[in-house]
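Thanks for asking me to look this one over. Here are my notes, set out as numbered points you can follow with the model open beside you.

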Amino acid sequence: MPALTPDTIRAATDTLCRLTEYLRENPDPKEALALVEPLLDEYTGLPIQLGDTLRALARAVQSHPNTPHSEKISDLVTELRAAAWVQTDQYMLHYVLDELRKVVSTAPSEPGCGRCR
């Protein structure tokens, strides 16, 4: 695995930006769901990964010998951990995706604007 750099992380966020732009172009819902599915995977999706990343950052900052031990640092680490739980709680979005997929796959295919029906 190549070393992580800020540029490799930016490449990941750039990919998310491209996905968002693509979704704004009103693609086929089945294709859109397939593209978003990995992001909301129950075990490896973005909510889980972001929560784990925030917890790991909190641990790295708190346990590093050069980090000053102060109330401010402790408060900020606590905020990171709280944010990690909020993110992780969003793992349930994969259920929403499952339901959307069911509805989309059973809907009759009709040409025209979906808002006009």
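1. Let me start with a question: is the crossing in which α3 passes α4 left-handed or right-handed? The crossing is left-handed. Please keep in mind throughout that this is a predicted model.

2. Now for the overall make-up. The protein has five helices and zero strands, so do not go looking for a sheet. Reading from the N terminus, the order of elements is α-α-α-α-α.

3. On overall dimensions, the C-alpha atoms occupy a box of roughly 65 × 30 × 25 Å along the principal axes. The radius of gyration is 19 Å, whereas a compact globule of 117 residues would come out near 13 Å.

4. The domain assignment splits the protein into domain 1, covering 1–39, and domain 2, covering 42–93. Taken over C-alpha atoms, the centres of domain 1 and domain 2 are 23 Å apart.

5. Next, the helix pairs. As a general reminder, two packed helices are described by the angle between their axes and the distance between the axes. I have used that scheme for each pair below.

6. Back to the pair from my opening question. Helix α3 spans residues 46–63 and helix α4 spans residues 71–89; their axes come within 7 Å and cross at roughly 165 degrees. An angle over 145 degrees counts as roughly antiparallel, and that makes α3 roughly antiparallel to α4.

7. Which residues build this contact between α3 and α4? From α3 come P47, I48, L50, G51, L54, R55, L57, A58, R59, V61 and Q62, and they meet V77, L80, R81, A83, A84, W85, Q87 and T88 of α4. Sorted by class, the contact of α3 with α4 holds 12 nonpolar, four polar and three charged residues.

8. Turning to the N-terminal pair, helix α1 (residues 6–24) and helix α2 (residues 29–36) have axes that come within 11 Å and cross at roughly 165 degrees. α1 and α2 are therefore roughly antiparallel to each other, and α1 passes α2 in a left-handed crossing.

9. The contact between α1 and α2 brings L19, Y22 and L23 of α1 up against E31, A32, L35 and V36 of α2. By class, this contact has six nonpolar residues, no polar ones and one charged.

10. Helix α2 also has a contact with helix α5, which covers residues 93–106; the axes of α2 and α5 come within 10 Å and cross at roughly 160 degrees. That makes α2 roughly antiparallel to α5, and the crossing of α2 and α5 is left-handed.

11. In the contact of α2 with α5, α2 supplies P29, K30, L33 and V36, while α5 supplies L97, L100, R101, V104 and S105. The classes here are six nonpolar, one polar and two charged residues. If you have the viewer open, look at V36 of α2, which is listed in the contact with α1 and also in the contact with α5.

Technical notes
Residues numbered from 1 in each chain as written. Predicted model: local features only at pLDDT ≥ 70, side-chain atom pairs only at ≥ 80, totals over all residues. Heavy atoms only, no water. Domains from an automatic or database assignment. Axes fitted to C-alpha atoms, helices over the stretch in contact; angles between N-to-C directions. Helix = DSSP H or I, 4+ residues; strand = E, 2+ residues; numbered from the N terminus. Parallel < 35°, antiparallel > 145°, perpendicular 65-115°, else oblique. Left-handed = near helix turned anticlockwise from the far one by under 90°. Contact = heavy atoms within 4.5 Å. Nonpolar A, V, L, I, M, F, W, Y, C, P; charged D, E, K, R; others polar. Rg over C-alpha atoms; globule rule 2.2 N^0.38 Å.
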